[in-house]
Each structure stands twice: as structure tokens, then as C-alpha cells.
Amino acid sequence: MARDPRLIVFSGAGLSAESGLATFRGASGLWEGVSIRTVCHIDTWEENFEAVHDFYDARREGDAKAEPNLAHRTIAEWQKAWPGRTFILTQNIDRLLESAGCKDVIHLHGDIRVLWCVECGHEWEVKSSRYDRKGCPACGELRSVKPSVVFFGENAPRYNDLYEVVSGLQAQDTAVVVGTSGTVLPADRLFAHSVAYSILVNLEPAGQMDEKAFSERRYGPATVQLPTLWDTLESRMDASRAL
């Protein structure tokens, strides 16, 4: 059955890089000089409890100082222009999209401002940048508190939302993929090889994806490239029962 065109925005760390937040460089490397195995793996986080929380405390402190950039604000404007038809999915654990005005953002890899108790399942938001180490407010366990961020080796429940969005794509839809190398999630296989019109926006060619499979490729800062997409998106999103 025909329906109105939808816009899917799928973002990675490159979206927030121009706000001063470090990009993620893959499962075998370092993240700001810290071994990912130490601070972001489900098999090792408990033995590195203090290092894990020190690391994410520092990330929250950095996030608190960051401001949404023009790319975040542009995505928010797209959502305002096409409410109910714009779906935003991000691999980022920061809240800069929300700070820019985006609603109902699907955080595929979790939220840095939320803590989770692996013992009882309780979740709560950190009120300050640093976790006070007082344990779970629901069950009282001290060493069971984990950042509500998807670690390597851990299930990612919100991938179900991603797969639902991808499976529902139609030819009249547009997918904008911005700021991702495809290392963690293969954005090319998700979006470029779908029936939707796909646009890749990256600082430079990444080499990890089949970038030629995208309908369009635009290279350069996201703050420069995303605003240039307005004409393309308007022509597709405002088409009456397109295709």
C-alpha cells in the first residue's frame, strides 16, 4: 500500500565530532588513549569497575560542555518540517541531537547519562556528570552498576528498532547516513542496498563500506554538507504519494 515518503537519518560519531566529541575507532583500537577491552567489553567491565566508571564520568563531563552543531540543528529542522515521517537513529551515546530539538531519537548503543543495574534491571539517570558510586538505588548492590551503554559482546536491544525501520523502507523513502565508517554497523548493507534513496555524508571516504552503492555520496564536514540536502529532501518528501 502506498504511503507518504519517510526520511531516515542514521548517524555515527562523525556527527558530533565538530562539537568536540571524540570519534570511535573500532573494536581493536584505543578510544582517547584507553583500551576498549578495558572500558567497553561485557566480559571485562566488572574487573575494571573503577576504570569503567572513571572513563564514562569523563565522557559525561565532556558531553556537558559540548553544544549541538549545525548538523544536529539541521536534522532537528528536518524533523520539524516532516513530523511523524522523520525517524532518527544514532549510534552516538550523547544527547546532542535532543539538545538541538530532535524528538524520539533511537539510541542504538545506549545513553551515557543513564546507569543500569545488571542485578535487578533498574535504570536511572545520573544527575551530575560523575557517578557517586553509591550503588543501585533499587536493590542496593554496589558493584552491579553499569553505564547503560552497549558494550562489545553485549546484546543491543534497540537493533530491533533499526531492523524494523530498514525492513519497512520503500522506494519513496530517503535514508541519510552521516558520520559513520561502517565499522560497527554496516550502513551500506542496511541502507545503500535497500530500495530507498540513500545519501552518504562523511568527512572522507571510509573504505569500510561499499560507498558506491549509495545513491549519492557527499564528502566534507557534516555542518557543511547536511544543509545542502534541503532541496533534495524537499523534492522527495513533499512529493504527493510519490512512486
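Select Asp 161 to begin: at 25% relative accessibility, this residue counts as partly exposed. Everything on this tour refers to a predicted model. Now add Arg 158, which pairs with Asp 161 in a salt bridge whose closest N and O atoms are 3.0 Å apart. Arg 158 is partly exposed as well, with a relative accessible area of 34%. The structure holds 14 salt bridges, and the next stop shows several that are linked.

**Helix α3 and its charged residues**

Select residues 49-65, which make up helix α3, and pick out Asp 57 and Arg 60; they sit three residues apart, about one turn of the helix. Asp 57 and Arg 60 form a salt bridge, with 2.5 Å between the closest N and O atoms. Are these two residues buried or exposed? Asp 57 counts as buried because its relative accessibility is 0%. Arg 60 counts as buried too, also at 0% relative accessibility.

Next, show Glu 61 together with Arg 130. Their side chains meet in a salt bridge at 3.3 Å, N to O. Glu 61 belongs to helix α3 while Arg 130 lies in the loop between β7 (123-125) and β8 (145-149), so this pair ties together parts that are 69 residues apart in sequence. Arg 130 counts as partly exposed at 39% relative accessibility, and Glu 61 is partly exposed with a relative accessible area of 30%.

To see the wider arrangement, select Glu 50, Asp 54, Asp 57, Arg 60, Glu 61, Arg 130 and Arg 133, which are linked in a network of salt bridges.

**Arg 113, without a salt bridge**

Move to strand β6 (residues 110-117) and select Arg 113. Which side chain of opposite charge is nearest to Arg 113? That is Glu 125, 4.3 Å away; Arg 113 is buried yet has no salt bridge. The cut-off for a salt bridge is 4 Å between a side-chain nitrogen of Lys or Arg and a carboxyl oxygen of Asp or Glu. The side chain of Arg 113 does reach the backbone oxygen of Ser 128, at 3.2 Å. Leaving out residues up to four places away in sequence, Arg 113 touches Arg 60, Arg 95, Trp 124, Glu 125, Val 126, Lys 127, Ser 128 and Ser 129. Arg 60 in that list is the partner of Asp 57 from the previous stop.

**The nonpolar cores**

Hide the charged residues and select Ile 8, Phe 10, Leu 89, Leu 108, Leu 162, Val 177 and Phe 191. In the largest nonpolar core, which has 23 residues, these touch the most other members. Elements that each supply at least two residues of this core are β1 (7-11), α6 (159-167), β9 (174-178) and α7 (187-192).

Centre on Leu 89. Apart from neighbours within four places in sequence, Leu 89 is in contact with Ile 8, Val 9, Phe 10, Ser 11, Ile 106, Leu 108, Leu 162 and Val 165.

A second, separate core has 22 residues, including Trp 82, Ile 88, Val 178 and Ile 199. Select Ile 88, found in strand β4 (residues 86-90). Ile 88 counts as buried because its relative accessibility is 2%. Beyond residues up to four places away in sequence, Ile 88 touches Val 9, Ile 75, Gln 79, Leu 97, Cys 102, Asp 104, Val 105 and Ile 106. As a last step, draw a C-alpha to C-alpha distance from Ile 88 to Lys 103: the two are 15 residues apart in sequence and 8.3 Å apart in space.

Notes: Residues are numbered from 1 along each chain as its sequence is written. This is a predicted model: local features need pLDDT of at least 70, side-chain atom pairs count only at pLDDT 80 or more; totals for chains, interfaces and linings use all residues. Side-chain values use heavy atoms; hydrogens and water are left out. A nonpolar core is a set of buried Ala, Val, Leu, Ile, Met, Phe, Trp, Tyr and Cys residues joined through side-chain atoms within 4.5 Å. Buried means under 20% relative accessible area, exposed over 50%, partly exposed in between (1.4 Å probe, protein chains only). Helices (H or I, at least four residues) and strands (E, at least two) are DSSP runs, numbered from the N terminus. Contact means heavy atoms within 4.5 Å. Lys and Arg count as positive and Asp and Glu as negative; His and the chain ends are not counted. A polar contact is a pair of N or O atoms within 3.5 Å; within protein, one must be able to donate a hydrogen and the other to accept it, and residues adjacent in sequence count only if both atoms are side-chain atoms.
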